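Here are my notes on this structure, written for someone opening it for the first time. Please keep the model on screen as you go through the points.

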Amino acid sequence: MRTPAAPSPFAFLALCILMLLTPAAWLHAGDNEDAEKAASALAYDQEAEGYNIRAEVRTYVLEPKLGKATRMQLFKGNEYCFCIAVPKHSGVHVTGAVLDLEGKPSGDILPVLDGWGFVLFYKPKKTGMYMVAIHQTEEGKRKTVPCAMVTGYK
């Protein structure tokens, strides 16, 4: 029977690096989950108001100096709500708007008092492709965070 050889220095170094990076990945995954839970909680409140909430949660990386815009097909006759949140503990404050077919910001916003999220309401006058634009405000911390969005309509 052969005895196993000791791992090479390269394999040992790779294992050490992997062990050091794993907690960072867990923290980032936890932040994604926190943002998704916060957006889902906002959506739950809107479901009670008669909105049909879509099952998927979209999660993006929101950078401090660069907002995020998402293209969406919206239909005339529907009223939409966009529930958007970052992790509550992040200290980041967010806001946003729907950019209409001419690129003008519009929509009614209902912000969360602590700034970590908001619900954006919009009723399009025409069917078409619209942009939901999200960005960080000056009131909170400015850092890269995950941002989650849940949509609904009625």
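1. Which residue forms a salt bridge with K37? The partner is E33, and the closest N and O atoms are 3.1 Å apart. The model is a predicted one, so please read this distance, and every value below, as computed from predicted coordinates. Both residues belong to helix 1, which spans residues 9-47. K37 and E33 sit four residues apart, about one turn of the helix.

2. How open are these two side chains? K37 has a relative accessible area of 54%, so K37 counts as exposed. The cut-off for exposed is over 50%. E33 comes to 42%, and is therefore partly exposed.

3. The count of salt bridges is two. Besides the pair in helix 1, E138 pairs with R142. Here the closest N and O atoms lie 4.0 Å apart. E138 is exposed, at 64% relative accessibility. R142 is partly exposed, at 35%.

4. Now the overall layout. The protein has one helix and 10 strands. The helix comes at the N-terminal end of the order, and the strands follow it: α-β-β-β-β-β-β-β-β-β-β. Of the 154 residues, 34% are buried. Take the contacts between residues at least 6 apart in sequence: 77% of them join residues at least 24 apart.

5. Confidence deserves a check. The mean pLDDT is 84, and 81% of the residues reach 70 or more. One stretch needs care. Over residues 22-27 the pLDDT stays under 50. For that stretch the model has zero contacts beyond four places in sequence. Where pLDDT is low, the coordinates should not be read in detail. Residues 22-27 fall within the span of helix 1, residues 9-47.

6. Next, a buried residue in strand 4. I84 is found in that strand, which covers residues 80-85. Its relative accessibility is 0%, so I84 counts as buried. The limit for buried is under 20%. Leaving aside neighbours within four places in sequence, I84 is in contact with L42, W116, G117, F118, V132, I134, C147, A148 and M149. I84 and S40 are 44 residues apart along the chain, yet their C-alpha atoms are separated by 8.7 Å.

7. Strand 3 offers another buried position. L74 lies in this strand, residues 68-74. L74 also has 0% relative accessibility, and so is buried. Which residues does L74 touch, not counting those up to four places away in sequence? They are Y80, F82, Y122, P124, K126, T127, G128 and Y130. K126 is 52 residues from L74 in sequence, and the C-alpha atoms are 8.2 Å apart in space.

8. The largest pocket holds about 170 Å³ of space. Its lining consists of D100, L101, E102, S106, Y122, K123, K125, K126 and Y130. Three of the lining residues are nonpolar, one is polar and five are charged. Y122, K126 and Y130 appear in this lining, and they are also among the residues that L74 touches.

9. Strand 6 covers residues 105-106, and P105 lies in it. Is P105 buried or exposed? P105 has a relative accessible area of 61%, so the answer is exposed. Beyond four places in sequence, P105 is in contact with A97, V98 and L99. P105 and M131 are 26 residues apart in sequence, with 9.2 Å between their C-alpha atoms. S106, also within strand 6, is one of the residues that line the largest pocket.

10. Last, a loop position. Where does D114 lie? D114 is in the loop between strand 7 (108-111) and strand 8 (117-122). D114 is exposed, with a relative accessible area of 55%. Along the chain, D114 and G140 are 26 residues apart. In space, their C-alpha atoms are separated by 9.3 Å. Strand 8 also includes Y122, which is named in the lining of the largest pocket.

Note on methods:
Residues are numbered from 1 along each chain as its sequence is written. This is a predicted model: local features need pLDDT of at least 70, side-chain atom pairs count only at pLDDT 80 or more; totals for chains, interfaces and linings use all residues. Side-chain values use heavy atoms; hydrogens and water are left out. Helices (H or I, at least four residues) and strands (E, at least two) are DSSP runs, numbered from the N terminus. Buried means under 20% relative accessible area, exposed over 50%, partly exposed in between (1.4 Å probe, protein chains only). On a 1 Å grid over the protein atoms alone, a cavity is a set of points where a 1.4 Å probe fits but cannot get out, and a pocket is an open set with protein on both sides within 12 Å along at least five of seven lines; lining residues have an atom within 4 Å of a point. Grid points are joined across faces, edges and corners, and a volume is the space filled by probe spheres set on the points. Ala, Val, Leu, Ile, Met, Phe, Trp, Tyr, Cys and Pro count as nonpolar, Asp, Glu, Lys and Arg as charged, and the others, Gly among them, as polar. A salt bridge is a side-chain nitrogen of Lys or Arg within 4 Å of a carboxyl oxygen of Asp or Glu. pLDDT is the predictor's confidence in each residue, from 0 to 100. Contact means heavy atoms within 4.5 Å.
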